[in-house]
Amino acid sequence: MSSDVFNSRTSPGSPTGLRAVNRDRILRLLRTRGPMTQAELARASGLSPATISSIARELRDGGWLKGGEAGGRGTALSLDRAAGIAVGIDFDHDHVRVAVADLAHTVLAEVKEPLDTDHAAHEGIALAGRLVRALLEQVGLAPDRVAGVGMGIPGPLPTAGGAIGPSAILPAWIGIEPGALMRSELGLDVQLENDANLGALAESVWGAGRGHSDVLYVKAGAGVGAGLMLGGRLYRGAGGTAGELGHVTVDGSGPVCRCGNRGCVEALTGAEAIVALLRPRHGSSLTLQRVLELARAGDHGCRLVIGDAGRTLGIAVAGACNLLAPELVIVGGELAQAGDLLLDPLRDAVRRAGIDA
């Protein structure tokens, strides 16, 4: 199978480069929409039926597709599950999650392991590497079957090399290039991205953002971040750090944030800020997940603190909406499990402070 199916190194204006672009377009449609007939692919891609037929034959012969054999253009084409697998690695403040999926989006195996909140980068990378190898062995596939590895990091990535910026929620990772470390650990190509950006992309492709070109995705949990889809494309900003919603100041006399500023959204609505207010009542071992459980069970204090977090978060979201005018705001992350306990006051704050909200 030719690697230029996904990454052509030829000039995009050359016939070979144009064909590679068209192959990518067909594969992208099948990844995001599932099985499609050649006629449906032609309508969705804007390519001619003859081009679709030719490329489909090439991809099928290369082992990327199945179905739609000659004489059966009404038969749906789909990605061949045997063509390869994708590996996803998601780092958070206190855990790492690894998943292995086939190219038809079926998750074959996944695992989540805790991490010490002060762990060193090489410790997290080593653990993730062990988990990847264990999952590949579990599903009976060799590393050479991996088509790609994607890794999400909870922090800004302002440099071309992927070094983590100073406002990351993983303090021991600041200045580290985790993509290079993971490539060395696995011996595979690794694509690195901010976790909120990946959330925005996932929602736009498979989730609530489908069909919308301008989406603001807010991830609220241990930290607070945002991913932006503008004009149907992921927006990273000139320095790659767009979406640092957690470090927008909403209270000039508020608590000092880990970034060094005062009154940031994250300092008021992040997991540590929420549990710190409730530990005197519920004990030093309290976690955000336990706060959510207590709130759902009717605990007045927990519901009150979550509601306050929603209102504060809503002020920042309203400002982002006034600036960017997205079609849709999606709230994800661990705190989003609170549902309307968080979202009702958030919506109210946006209605009050947002223009045409």
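1. Helices α2 (residues 38-45) and α3 (residues 49-61) have axes that come within 9 Å and cross at roughly 120 degrees. Helices are DSSP runs of H or I with at least four residues, strands are runs of E with at least two, and both are numbered from the N terminus. Axes are lines fitted to C-alpha atoms, for helices over the stretch in contact, with angles from 0 to 180 degrees between N-to-C directions.

2. This is a predicted model, in which local features need pLDDT of at least 70, side-chain atom pairs count only at pLDDT 80 or more, and totals for chains, interfaces and linings use all residues. Residues are numbered from 1 along each chain as its sequence is written, and side-chain values use heavy atoms, leaving out hydrogens and water.

3. The α2 and α3 pair is therefore oblique (outside under 35 degrees, roughly parallel; over 145, roughly antiparallel; and 65 to 115, roughly perpendicular).

4. In the contact (heavy atoms within 4.5 Å), α2 contributes Gln-38, Leu-41, Ala-42 and Ser-45, while α3 contributes Pro-49, Ile-52, Ser-53 and Ala-56.

5. An open sheet of 5 strands has the order β5-β4-β3-β6-β7 and mixed pairing; strands pair if DSSP finds at least two bridges between them. At its edges are β5 (107-114) and β7 (190-194), each paired on one side only. On average, neighbouring strands are turned by 15 degrees against each other, direction ignored.

6. Strand β6 (residues 146-153) runs parallel to β7 and is joined to it by 5 bridges. One bridge links Gly-150 with Gln-191 in β7. Helix α6 (residues 195-205) packs on the sheet, touching β3 (85-91), β6 and β7, and its direction makes about 95 degrees with that of β7.
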